[in-house]
Amino acid sequence: MLKIKLLLSVLVGICLTAFAQRAPEIVKAKNGEFQLIVKGKPFLMLGGELGNSATADAGQMKSIWPKLQQMHLNTVLAPVYWELMEPQEGKFDFTLVDAMISQARESNLHLVLLWFGTWKNSMSCYAPEWIKKDYKRFPRTLDRQGKPSEIVSAFSENALNADIKAFKALMEHVKKNDAEQQTVVMIQVENEIGQLPEARDYSSGANQAFQREVPRQLIDYLKNNKAILLPHIKDLWAKNGYKASGNWETVFGKSLATDELFTAWNYAVYADKVAEAGKSVYNLPMYVNCALNRPNVDPGKYPSGGPLPHLLNIWQAGAPHLDMLSPDVYHGDFRNWLSQYDKLNNPVFLPEIKMEPENAAQVFYVLGHHKALGYCPFAIETANETEAVAIGKSYQVLSEMSDILLNNRTKTEGVYLDKSHPSDTLKMGDYQVVVSHVCTLPWTDGAKAEKWTPAGCVVVQTAASEFWIGGTSVTCTFKNTKDKALATGILSADVALKNDSDWKFIRLNGDQTHQGRHMRMGSGEWQIQRIRLYDYK
């Protein structure tokens, strides 16, 4: 019997070790929530993206990591430049990649590598010189008048093959040097793909493809997924009678919108082939990001054809090897943008958002409400003191609460509040939780200010009548909605302090809860509180 127990113990150990050494992956739990798994455990990316030139010099990189550690990041999004990695065709130089990985590893930080390959912000400015100069072998896109742009055409088989070769070399190198440590947890394929200054390419290869039959792969997707087609795509298809064959204008009609669908399909197929090749070498999670369009602007006047909200069906049909499609948010209401990506079985990830003091409050909403895999302000290394301190405090709260968040995904909510949006009402279990900006309390410092301090929090229900709340500048009240005859009181309120893997609780007094009326975090104050409720008549 002892030998059997020892054998079972060894087998379990082997299985656990094997699972821990699986490459990072995105999994969908039975509850429908997505999680990034790193070394066998759920991982929440508290991140930031480096500026475009931050990793162009190994020495310069060294000065970045200490600041990021102080801001409590655990993940850094950092570019890999094709032009520096393959300065001569077929000759690869991984010096900067190796420096980035080793320095991040020494700083106990994970990496998401951004492949600046064929396209970066629409243009091909990070492609190697040997591609830029040889425009006959690697043709550019053309506008209606035949004028070229500094954008390599998606219809260039030579460009695709060169990109695939370089990307596979990168993935082979990362696997060889990092598969065990798993410093690198994800890859972005290209960067902000989008066609300019027209809605589509007018090169000879593009024109020929536009006149050919709409690919059967896309037609089959449309037919099999009619119930989940986005209004923009369904309407274009419907106006032409849901045709199942014909060229692009036959199936979708003649319009700029059709031109953009065509562009989106071909960009998606190109990116998918790059991703598929990379995954065949090292199967890390991969995604594509996009520069968001503005309202009432025609295709071609913004970077068109990327994984934009109205084109997600096209990208999902054309790029099955991508794990998700993600927005870069620099304008508009970030809540509205994220709601458009939190659909169609697409994991939510915010790889870029404008760096500003509001990030520190917004992150609670993104991770709590949308159960996002991560949150990443752009040019994080340039954050000023106010921005750095604020996001650092929020990341500390979220880091300490990460196990609680990841183990209770379906019982987690997030809130972002300001003067124009002073409160939110949450339904959690048997309770209604009203989360308000602390400045809604008239005696609070700053309540009469023209602009309120950004406020936000995550609310996690850990038991029927227990809630953990982490954030800043909020107040919460609770009400039993199952039995309206019951009144709800605060049984206990404690500040929760993390010490390694243990928690220490400091009981709050009546003045700090307004004699049991609410839970409260002061203006500009970051805390984690555990609230236990009771009901009475």
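User: By class, what does the lining of the largest cavity have in this predicted model?
Analyst: Let's start with who is there: the lining residues include Phe-155, Phe-262, Gln-195 and Asn-266. Arg-200 and Asp-201 also line this cavity, and Arg and Asp count as charged. Sorted by class, the lining comes to four nonpolar, five polar and two charged residues.

User: Which element gives the largest share of that lining?
Analyst: Look at the far end of the list, where Phe-262, Thr-263, Asn-266 and Tyr-267 turn up. Helix α12 covers residues 256-281. With four residues, the largest share of the lining comes from helix α12.

User: And what volume does the largest cavity have?
Analyst: The structure holds two cavities of 30 Å³ or more. For the largest cavity, the volume is about 70 Å³.

User: Moving to the strands, how many bridges pair β20 with β23?
Analyst: β20 spans residues 487-499 and β23 spans residues 526-536, and they pair in the antiparallel sense. One place to spot this is Ala-487, which stands opposite Tyr-536 in β23. The count of bridges between β20 and β23 is eight.

User: Which residue in β21 is the bridge partner of Asp-494?
Analyst: β20 also runs antiparallel to β21 (residues 502-507), with six bridges joining them. Within that pairing, the partner of Asp-494 is Arg-507.

User: Which residue in the turn between β20 and β21 has a positive phi?
Analyst: β20 and β21 form a hairpin, with two residues between them. The phi in question is about 55 degrees, and the turn residue that has it is Asp-500.

Terms used. Residues numbered from 1 in each chain as written. Predicted model: local features only at pLDDT ≥ 70, side-chain atom pairs only at ≥ 80, totals over all residues. Heavy atoms only, no water. 1 Å grid on protein atoms, 1.4 Å probe; cavity = no way out; pocket = protein on both sides within 12 Å on 5 of 7 lines; lining within 4 Å. Points joined across faces, edges and corners; volume = space filled by probe spheres on them. Pairing = 2+ DSSP bridges.
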